[in-house]
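Trainee: I should like to learn how to read the features of a protein model. Could you guide me through one?

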Amino acid sequence: MSPVHDQSYARYQGTRRPTGHAWAVIFKTGTRQLLGRRVLVALLLLAWTPFLVRCVQIYFAITTPQVTRILPVDVAMFQRFIDNGFQGVLSFLITIYVGAGLIANDRRARALQVYLSKPLGRMEYIAGKLAILLYFLGFAVILPALLLIVMQVILSGSLSFVRAHPSIVPAVVLASAIRVIVPAFAMLALSALSTSTRYVAVMYAGILFFSEAMYGVLSFVTGSTGVAWVSLGANFDVVSDAIFGQPPRYETPVIVSVLVLAAIVVVALSVLDRQVRGVEVVS
């Protein structure tokens with residue numbers, strides 16, 4: 001047996017990274033893996049179809065004034081762009097495709113114990129997973145809405161529209177951000193409740209469809225749209241009408257819809273905290 005000649009202490013020569021940035025590793029790894037899937041790339045590209053259509057509308061409205069009478073470029077157009085059903089369906093599919101397995105897959109593989117046994121807190125883990133879903137939904141919802149304003153400025157050659165409507169940029173950001181943040185939190189919480197990606201997808205779709213069906217039944221029975229707060233999609237529309245200053249499509253008070261959407265986020269955070277905390281490894 002050869003003797004150990006040197007047992008002296010050696011200082012660590014590597015790079016020391018500040019704490020609190022571990023979530024970025026989860027985010028980068030997750031987005032890189034998902035971008036390699038053709039189905040997701042196709043969904044992301046399709047989500048930009050309404051943007052191209054609206055760009056054509058803006059172009060013809062500027063070059064052919066007669067078009068403005070039929071398809072005006074105004075605040076309501078930007079609201080319709082955010083609220084359009086086609087993009088809503090694609091956002092729904094992206095949410096399911098990206099979000100259903102974010103935590104469920106780790107739970108099935110029992111990888112949470114591995115994650116949380118490292119210098120990684122549960123909030124960093126949750127933040128990393130949430131950032132993945134927010135990234136793709138933001139690319140499909142928020143970015144096209146903002147670039148549509150930029151295209152209006154470029155095609156018109158002036159800032160007259162933005163100057164005439166100074167609230168258009170914050171309205172677009174807020175209305176589109178709500179449609180990204182609330183579904184992202186809801187989906188991530190559902191993903192934390194199961195080890196089956198398919199079951200999570202079914203739960204998410206079931207909740208949305210059930211809320212729409214409940215609104216249909218209640219509005220028929222009561223003869224009023226004041227019960228729109230039971231529908232997730234209707235709550236988005238109620239808040240969107242208030243943000244853009246448009247006539248309300250439902251009789252539900254704005255504050256009620258805001259509270260419902262806020263409650264969804266709070267409940268989702270509670271579920272995530274409880275589910276991830278249950279397997280956290282204390283060092």
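Mentor: The following turns discuss the overall fold, one helix and a pocket. Please keep in mind that this is a predicted model.

Trainee: How many helices and strands are in the protein?

Mentor: The protein has 15 helices and zero strands. Of its 283 residues, 42% count as buried. Among contacts between residues at least 6 apart in sequence, 75% join residues at least 24 apart.

Trainee: How should I read a single helix, and what span should the 13 residues of α14 have?

Mentor: An α-helix has 3.6 residues a turn, so residues three or four places apart point the same way. Helix α14 covers residues 232-244, and at 1.5 Å a residue it should span 18 Å; its end C-alpha atoms are 19 Å apart, which agrees.

Trainee: Is α14 largely enclosed or open?

Mentor: Because 10 of its 13 residues are buried, α14 is largely enclosed by the rest of the structure. The buried residues include Leu 232, Phe 236, Asp 237 and Phe 244. After α14 comes Gly 245, with a positive phi near 70°.

Trainee: How is empty space found, and how much lies in the largest pocket?

Mentor: Rolling a probe the size of a water molecule over the atoms shows where empty space is left. Here the largest pocket holds about 600 Å³ of space. Of the 26 residues lining this pocket, Gly 88, Val 89, Arg 179, Gly 233 and Phe 236 are the closest to its centre.

Trainee: Which helix gives the largest share of that lining?

Mentor: Helix α6 does, with seven residues. The lining as a whole divides into 14 nonpolar, eight polar and four charged residues.

Notes:
Residues numbered from 1 in each chain as written. Predicted model: local features only at pLDDT ≥ 70, side-chain atom pairs only at ≥ 80, totals over all residues. Heavy atoms only, no water. Helix = DSSP H or I, 4+ residues; strand = E, 2+ residues; numbered from the N terminus. Buried < 20%, exposed > 50% of the residue type's maximum accessible area, 1.4 Å probe, protein only. Contact = heavy atoms within 4.5 Å. Expected span 1.5 Å × (residues − 1). 1 Å grid on protein atoms, 1.4 Å probe; cavity = no way out; pocket = protein on both sides within 12 Å on 5 of 7 lines; lining within 4 Å. Points joined across faces, edges and corners; volume = space filled by probe spheres on them. Nonpolar A, V, L, I, M, F, W, Y, C, P; charged D, E, K, R; others polar.
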